[in-house]
Amino acid sequence: MDSPAVLAGAGVVLLGVSYALYSMSSSSSASSPSAPAAKSTSSAAAPAKSTNGVINVYFGSQTGTAEGFADQIRAEDHGYDVKVHDLEDFDADSASEHAAGMKAAKLNLFLLATYGEGEPTDNAAEFVRLLKAGELDVAGAPFAVFGLGNTQYEHYNAMGKLADGKLEKAGAERKVPMGMGDDDKSMEEDWEAWKEKLWSAFSTGSAKASKGPGKIKPTFDYKEAPAGSKPKSVPADKRQPSTRFYFEAVECECKVNKELRSPTDGGSTKHIEVSLPPSLKYNTADNSAVLPRNDAALVKSLAASLDLDLSKTFELAPHDGKHMFPTPCTVSDLLTKYTDITGPLRRADLKALSAYCSDPLDSAVLLRLASKEGKAEYLEKIEKPQVNFHHLATSMVKSLSLTVPDFVAVTSRLQPRYYTISSSSTKHPTALHMTVSVIEGKNALTGRPFAGVCSKHLQEATKCDVFVKESTFKLPEDNKTPVVMIGPGTGIAPMRALLQEVRAQASGAGGKGGGVR
Ligand SMILES: Cc1cc2nc3c(=O)[nH]c(=O)nc-3n(C[C@H](O)[C@H](O)[C@H](O)COP(=O)(O)O)c2cc1C
């Protein structure tokens, strides 16, 4: 909103359409307690188009938040030629080329998430190694760092802090003080506030962001494919790091899927035994990652609202050669397996969607909700009632109009959900067990039912797409040290696996031997 007059206008619009836009049906629903989801546009560099110079944006992202922020910088651009780089492409071989590009740029922006014990994301591991080793010649390169973290973790924003310090030590020139986002409280607000500082320092007078966004330029070519076409195989280095799991998960049979609770308990906790093919191995207390599937009824109603043909088959040819998900696939696959339709909607999502409304009133309302001034309305109308993309598209913003490529570009990718494996790999080398609490409830404000996208999918599943994520959680090697198990939040699942492992080792299974603790 760039003037008080427009702001007042938007306020009136908001009230005027509040009944139509905000009266929400209580019939449809599902929401997920999801991790921030990866946005769909990724690292393809836009063609050079500006005389104001280049801003390089490097992202270190595991679940897509930092990557989504990088896309926002590209969309807002403020008259710069914004080039987004996946840090995975930053290795010893390419370091000097990147360093030269960094020195020639107006700014190099690093968006870095922290994981584990203050560790980098997988895609930033090599960059961080080079940075720590002092092997980057970046003297004089202008930089700014925004770290993404969570104050619940001991090593809060360790990667952002490390990069900020090491870049300075290497002689790079800090242009904006480091920003930090806290996922426990206010990641998006922290980011918006920092971005304001960034743009005010780098303003070129091009106020593209304040006018509202245009449609996102897809970073791929879309074409229809013959019905029945199967996904093409994609080599590992041609898979987008943030969505690599779509290519790597293996479809497995759920040979046991039984309810653990008695009918009088209420709620549902499932014991699921997944048969593993020889290619899939795990160690006791590793995590299983499951690819969720959206509920078929939600997919159908969303497709009907957006007038998308679920049976259509299409293929994406990425401009940067990195594939987002396996294609050719159907629009049904896109909506069921590859799109987060029930996760929380962030303000940036609303802003992006405002460009796809045929009714200017809808656009104005979405922009208002996405704006700083509309923060209270966002809280009341979107956050508290847990409005997700499905609700928005089916019940609130009737004029939303998305082609399939628009849909891919503007929506977020569905992320895997992680469950601690509750079996011992010594006892069950060819099966992994999961103990899954099914998430279901009603929104306190609207009474609308919601369900966890993955636990609900697993509740009756006979098959699921799985991969294994290593864990640092292990029993002591010596088989003698006494162990006290405390499971706050993690529940019984890892304990069951460890107890099975201790027993299996005590009985000599797996050739390890050992004593009972
Ligand atoms: C398993 C896990 C471990 C994490 N470890 C840390 C940590 O050690 N320090 C921290 O500040 N944040 C930590 N976080 C928070 C993430 O950095 C934060 O959610 C961030 O927004 C993720 O960004 P991404 O979506 O781009 O990967 C962790 C999050 C998860 C899910």
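This report describes the overall make-up of a predicted model, its nonpolar cores, one helix pair and one buried strand residue.

**Overall make-up**

The chain contains 16 helices and 17 strands, and buried residues account for 45% of its 517 residues. Among the contacts in the chain with a separation of 6 or more, 79% join residues that lie 24 or more positions apart.

**Nonpolar cores**

In soluble globular proteins, nonpolar side chains tend to be buried together. In this model the largest nonpolar core holds 64 residues, and within that core Val274 and Leu366 touch the most other members. Helix H11, which spans residues 360–370, gives the most to this core, contributing six residues. When neighbours within four places in sequence are left aside, the contacts of Leu366 are with Leu350, Lys351, Leu353, Ser354, Cys357 and Val397. A second core, separate from the largest one, consists of 46 residues and includes Ile55, Ala70, Phe90 and Leu131.

| Nonpolar core | Number of residues | Some of its members |
|---|---|---|
| Largest core | 64 residues | Val274, Leu366 |
| Second core | 46 residues | Ile55, Ala70, Phe90, Leu131 |

**Helices H4 and H5**

Leu131, one of the members of the second core, also takes part in the meeting of helices H4 and H5. The axes of H4 (residues 125–132) and H5 (residues 158–169) come within 10 Å and cross at roughly 40 degrees. Because of that angle, H4 is oblique to H5, and the crossing of the two helices is left-handed. On the H4 side the contact is formed by Val128, Leu131 and Lys132, which meet Met159, Leu162, Ala163 and Lys166 of H5. By residue class, the contact of H4 with H5 comprises five nonpolar residues, no polar residues and two charged residues.

**Phe143 in strand S5**

Phe143 is placed in strand S5, which covers residues 142–149. Phe143 counts as buried because 24 C-beta neighbours lie inside 10 Å, where the cut-off for a buried residue is 20 or more. Not counting residues up to four places away in sequence, Phe143 touches Asn108, Phe110, Leu167, Ala172, Glu173, Arg174 and Lys175. As for a position elsewhere in the chain, Pro292 is 149 residues from Phe143 in sequence, and the two are 38 Å apart in space, C-alpha to C-alpha.

Conventions: Residues numbered from 1 in each chain as written. Predicted model: local features only at pLDDT ≥ 70, side-chain atom pairs only at ≥ 80, totals over all residues. Core = buried A, V, L, I, M, F, W, Y, C linked by C-beta atoms within 7 Å. Buried ≥ 20, exposed ≤ 12 C-beta atoms within 10 Å, placed from the backbone. Helix = DSSP H or I, 4+ residues; strand = E, 2+ residues; numbered from the N terminus. Contact = placed C-beta atoms within 7 Å. Axes fitted to C-alpha atoms, helices over the stretch in contact; angles between N-to-C directions. Parallel < 35°, antiparallel > 145°, perpendicular 65-115°, else oblique. Left-handed = near helix turned anticlockwise from the far one by under 90°. Nonpolar A, V, L, I, M, F, W, Y, C, P; charged D, E, K, R; others polar.
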